[in-house]
Structures are given as C-alpha cells and as structure tokens.
Amino acid sequence: MSVIIIILLAAIIVGLMMYNMSIHKKIDAFNNINQQITSLNVLQDFMDTLSETSSVEEKLKLINEILIEKYSIKYSTIVVYNGAEFVIKASNVAIKHWDVLRNLQSEPVFKDSIETGIPKYITVDREGEKLPYQKMEFGRAKAAMFFPLYIDNVYIGYWIIEGSMPHEFDNVDTTILEVVKNNIVSVLKTVNNQSVVEEIVRDDQYSELKTAEYLYTEGKKTIDKYTTSTVCLFKIINLVEINETISRKTGNDVITQICRTIKQYLSNEYLFVRYMGPKFAIVFSGVELPAVEEFMKTVKKEIEGLEISSATDYHGESTKVSPKINVALATYYKGTALVGVTKKLEEYLDTADPLENNINYL
C-alpha cells in the first residue's frame, strides 16, 4: 500500500513539476511577446517623433524620453561626435555630470567596446563602490551598459544607460536593447540630414530675409500649427533687365525696397523668405487662399507703383525703375510635403510667359 502511495506522490510531484515548467515557459513567452510589443511601440514612437516638425535637438531629447519611459531606465544619455568634439545630445542626468559622460570614449573600460562594436556591461557588487568612469560621484549609478554607435562603419558616438542598483541589468534582454540601439542609429542618420538643412539657412543680404531652407525647418513649426495655409511665390520678372540695362546695385535696391514694403504688412505668423534669385516665398499660416489673393492684389499694386532711383554704379543719366511681379498661389495641407507645393509654384513661374504679370491659382 505504501509503495502505491509513494508512486502516486511521485507522479503528482512530476506532474506539478511539468505543470510549473509549462507555466514558466508561458510566462517567458508572454514576457518575450510583451517585450516585442514594447519594442514595436517604441519604434512607432520613434517614427512619430521623426515626422514631427521639431528641431534635431528636440527630436533626440524626445527619443531619449521615450526610451526612459518605455524601458523604465533610470538614466539614459546619447552622445554624438559633431566633427570637432563629443557632445551630449540628450540626457536626463544632472548637468554637473555631463563632463564625465561626454568623455567616456577616453575611458579604458570602454576601449574594447568601441573597437569591436560590442556593448559593454559594468556593475559594482555592493554599496560604497563606484563604476570605473565615475570621478567624484558614488550614489548615482551602480550599473551601466555602454553601446557604441556606428554609421556606415564609422564610430559616431555612444548610448549609455545607467541604473541605481548593483547588477541592475543582469537579466536585461540585450537583444531588445540592440534593436533599440539600431533604431537610435537610424534616427541619427535621419536627423543628420535635417541638421544639414538647418545649418545652411542663411540671412540674405539684400532682401534682409532668411533663405528658403528656413521654411522646411524652424519655420515649419509655425506653419503646422494650422490645418491649411496658403503659399505664395512671386517673381520679379524685370529684375534681370534692371541688372543688365541699369546696374546690379540698382537691382539690389529693388529687392530691398520690395521686401521692406511687403514686410510691413505681414504678421509674425506669416513666413517671408528669399526663395532663389528673383523669386520670393510667403507662407500665410492658417489663411485661406481667397483672402491671400485680395491681399496680394493690394501689395502687387503698391510694389509696381514704386519708383526706385538708379544706384551709384549706373553711369548713365539718372533714371527711375519700377518692378513688375508675377504671383502664383497654392494651398498647403498640414502633413503633406511643403517642398512639393513650392516646387510646383516655382516651375509655373519659371515656365510662364516672360511678360505675364498676374496673380494665379495652382
């Protein structure tokens, strides 16, 4: 009888062990699926951030905030080489620690990680110890994972996450973090292109306006406050003639006076830039096309009524010139390509009859 009981108990124990193993596998599978869902959500949040009209710096800060929130990371810092030095692009660590965090590439503990491209995990074993790169601080970070960042096999910086407890990242799924790191690299590639555009925005000397790139970077924040806006592109159709038959300086004076005339009527929400050569763009943020047409009729009449004296580099008898402009208007819808609208307007003005002097809808 006792043998039967023993066999029965043994069967129950084996059954429970198998059941526990099954439950454990299901929990692992659930955790894995949950991590995958989290990573997909993070990727979607990354993509949403890229589509926003914020600057490069703001995008990277938002991405870092997403990482901290979604993965419950205590500290997260993204450091990038800007061509001259390593700079912190995003961090939730107190500024007093930034000098250390932006120079981790010089720390021997991370040298092999940078050379091989393999993440480095370091931790203390007990309170009172400090991580190798820490100088004067003891209480802030007790564990860290260092991820070198590469674009086309070129080392461009690193992402470091830090925890406040010893061995905090012992059981972290590094595969997921590698995916996150790759997403950071993808974001850096994308925002690098945006950064180039932001840096080539200039102030034009004669029009006293910013160049066209401003519309697609900082200016787009204002434009996209509204669902629709009206884009106006106008061309000084007799500027080349003025430059050639009178003088270049006279042409420059024409540009200056036209722009000053228009600017006095524009609110801060309307973006006015020198588009290219004799072409200028105005984005009337949140304004419907018919209202802009009426406005431009008035402005056009005033501009073409200007009488601008020939400049000092004109060697003939003093004379006056009056500018002529051709105007094209189109509607811009938030979320679509603004550059597509301006390109369409530009193509129209460049292919229009040289003598055309109207206000046109596209």
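Biologist: In this predicted model, which residues are exposed on the other side of helix 10?

Modeller: Helix 10 has one side that holds buried residues, among them Leu289, Val292 and Met296. The buried residues cover an arc of only 135 degrees around the axis, which puts them on the same side of helix 10. On the other side of this helix, the exposed residues are Pro290, Thr298 and Lys301.

Biologist: Against which elements do the buried residues of helix 10 pack?

Modeller: The buried set of helix 10 also includes Val299, Lys300, Ile303 and Glu304. The elements against which the buried residues pack are strand 7, helix 9, strand 9, strand 12 and strand 13 (359-361).

Biologist: How far apart are the end C-alpha atoms of helix 10?

Modeller: Helix 10 has 16 residues, and at 1.5 Å a residue they should span 22 Å. The model agrees with that expectation, since the end C-alpha atoms are separated by 22 Å.

Biologist: Which residues have the most contacts inside the largest nonpolar core?

Modeller: In soluble globular proteins, nonpolar side chains tend to be buried together. Here the largest nonpolar core has 30 residues. Elements giving two or more residues to this core include strand 7 (228-236), helix 9 (248-263) and helix 10 (289-304). The residues with the most contacts inside the core are Phe234, Ile262, Phe272, Ile282 and Met296.

Biologist: How many residues does the second, separate core have?

Modeller: This second core is separate from the largest one and includes Leu60, Ile73, Met145 and Ile161. Its number of residues is 21.

Biologist: Is cysteine 259 buried or exposed?

Modeller: Cys259 is one of the buried residues of helix 9, together with Ile258 and Ile262 among others. A residue counts as buried when its relative accessible area is under 20%. Because the relative accessibility of cysteine 259 is 0%, this residue counts as buried.

Biologist: How many disulfides does the model contain?

Modeller: A disulfide is a covalent bond between the sulfur atoms of two cysteines. For a pair to count, the cysteine sulfur atoms must lie within 2.5 Å. By this rule the number of disulfides is zero.

Biologist: Which residues does aspartate 350 touch, leaving aside those up to four places away in sequence?

Modeller: Aspartate 350 lies in helix 11 (residues 338-351). At 40% relative accessibility, this aspartate counts as partly exposed. Its C-alpha atom and that of isoleucine 237, 113 residues apart along the chain, are separated by 9.8 Å. Under the stated exclusion, the residues that aspartate 350 touches are Lys235 and Lys279.

Key:
Residues numbered from 1 in each chain as written. Predicted model: local features only at pLDDT ≥ 70, side-chain atom pairs only at ≥ 80, totals over all residues. Heavy atoms only, no water. Core = buried A, V, L, I, M, F, W, Y, C linked by side-chain atoms within 4.5 Å. Buried < 20%, exposed > 50% of the residue type's maximum accessible area, 1.4 Å probe, protein only. Helix = DSSP H or I, 4+ residues; strand = E, 2+ residues; numbered from the N terminus. Contact = heavy atoms within 4.5 Å. Expected span 1.5 Å × (residues − 1). Arc of directions from axis to C-beta.
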